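Here's a quick tour of a protein model, taken one piece at a time. Have the structure open and follow along.

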Amino acid sequence: MRVSIKAFRYFLSAASHGSIARAAEEMNVVPSAISSAIEQVESEFDLKLVHRSPAKGITPTAAGIKLMKRVQHLVDEYDSLMRDGAELRTSLSGSLSIGYYAPVAPAFVPAIAAPIMRDNPHVSMSFIACDNDRAQSGLLAGEFDLIVFVAANVLSGIEYEELLTTPPYLLVSAEHRFASGKPVRLSDLHNEPLVLLDLPFTSQYLRGLLEEAGITPRIAATASTTEMVRSLVGVGIGISILNMRPLTDVSYAGDKLLAVPLAGSATPLRLVLGHLGGSQRRLAETFAKACREYFACNAANQLIVSLGKLRQ
């Protein structure tokens, strides 16, 4: 048998007041509930904790006095825990950990986080770049409060909501023959040197697109970051296929780039917000709401390249 916090509270009240009746009044229960709690505590520890006297009520024994101090500390810690838990649920304070698999996350995450942090100075946030599987396993392990990732091979236990559908597009240098801005078909990429974004899942996805179009890729270079891919394309090493774009038309090296829509029905990717379902901390819910609002507005459309639109 284990003793409940409620039983400990009843025991403390009775031992402190020296009266079962007064403890029952304070706890708003019948006296028999207080008496039963005292017996439960004594039985659990196999100790005589109070003397009972019809005339004098109850008096803690030496063992009871020692135990009261420990029990009081336990009850105080429990109350503190419950207050802290309530604060986590309702207040905009503390830290938030976001795992993301979105190579151009720097193009939109700061715009989502900034208003929250500006209005709530006691909030801090951590943003951790990882691959799609790592983001999901981190969420399930409690390392992340929320994740932004691609809806592919979603692990059991994760709930998600779509933020943006991202069709593939072609990235070329300003001097490339495809830089006219007209849509290009995947079949037009035959013998074109490609710069491949070599990340888990993304590489497989891009190779699958080319295979569906009957193209054996001629990989000129690979890179593990979008910005390196953009820089390699910018200096003319090759062209690349990407799904999201930053809000700039130059590489780190200052070379002009052009985003060209892909014609046809190439499979898009779905960027989603992942969580574990149920009630979230208020801070996590606030960030999730900000994500929804951002991706529901026109600003999010600048992150994609679709037919009929040429964006930098």
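Start with a strand pairing: Leu170 has Val260 in S11 as its bridge partner. That contact belongs to a wider match, since strand S7 (residues 169-173) runs antiparallel to S11, with five bridges between them. Keep in mind that this is a predicted model.

**Strand S11**

How much of S11 is covered? Mostly covered is the verdict for this strand, residues 257-261, with five of its five residues buried. In a regular strand, side chains alternate between the two faces of the sheet. Here Leu257, Ala259 and Pro261 point one way, while Leu258 and Val260 point the other way, and all of them are buried. Val260, the partner of Leu170, is thus in the second of those groups.

**Helix H3**

Next up is helix H3, residues 31-45. Its 15 residues should span 21 Å at 1.5 Å a residue, and the end C-alpha atoms sit 22 Å apart, which agrees. Which residues of H3 are buried? They are Ile34, Ser35, Ala37, Ile38, Val41 and Glu42. Looking down the axis of H3, these buried residues fall within an arc of 160 degrees, so they line one face of the helix. The background is simple: an α-helix has 3.6 residues a turn, so residues three or four places apart point the same way. Just after H3 comes Asp46, with a positive phi near 55 degrees.

**Aromatic rings**

The count of aromatic pairs comes to six. One of them joins Phe201 and Tyr205, a stacked pair with 6.3 Å centre to centre and 20 degrees between the planes. How do the two partners fare for exposure? The cut-off for buried is under 20% relative accessible area, and the table puts each residue against it.

| Residue | Relative accessible area | Class |
|---|---|---|
| Phe201 | 22% | partly exposed |
| Tyr205 | 10% | buried |

So Tyr205 counts as buried at 10%, whereas Phe201 counts as partly exposed at 22%. Elsewhere in the model, Phe108, Tyr294 and Phe295 form one aromatic cluster.

**The largest pocket**

Last stop: empty space. Rolling a probe the size of a water molecule over the atoms shows where such space is left. The largest pocket holds about 400 Å³. It is lined by 19 residues, and those closest to its centre are Ala102, Pro103, Val104, Pro106 and Thr226. Which helix gives the most to the lining of this pocket? That is helix H8, residues 226-234, with three residues.

Note on methods:
Residues are numbered from 1 along each chain as its sequence is written. This is a predicted model: local features need pLDDT of at least 70, side-chain atom pairs count only at pLDDT 80 or more; totals for chains, interfaces and linings use all residues. Side-chain values use heavy atoms; hydrogens and water are left out. Buried means under 20% relative accessible area, exposed over 50%, partly exposed in between (1.4 Å probe, protein chains only). Helices (H or I, at least four residues) and strands (E, at least two) are DSSP runs, numbered from the N terminus. Two strands pair if DSSP finds at least two bridges between them. The expected span of a helix is 1.5 Å times one less than its number of residues. The arc is that of the directions from the helix axis to the C-beta atoms. Rings of Phe, Tyr and Trp (its six-membered ring) pair if their centres lie within 6.5 Å; planes under 30 degrees apart count as stacked, over 60 as edge-to-face and the rest as tilted. On a 1 Å grid over the protein atoms alone, a cavity is a set of points where a 1.4 Å probe fits but cannot get out, and a pocket is an open set with protein on both sides within 12 Å along at least five of seven lines; lining residues have an atom within 4 Å of a point. Grid points are joined across faces, edges and corners, and a volume is the space filled by probe spheres set on the points.
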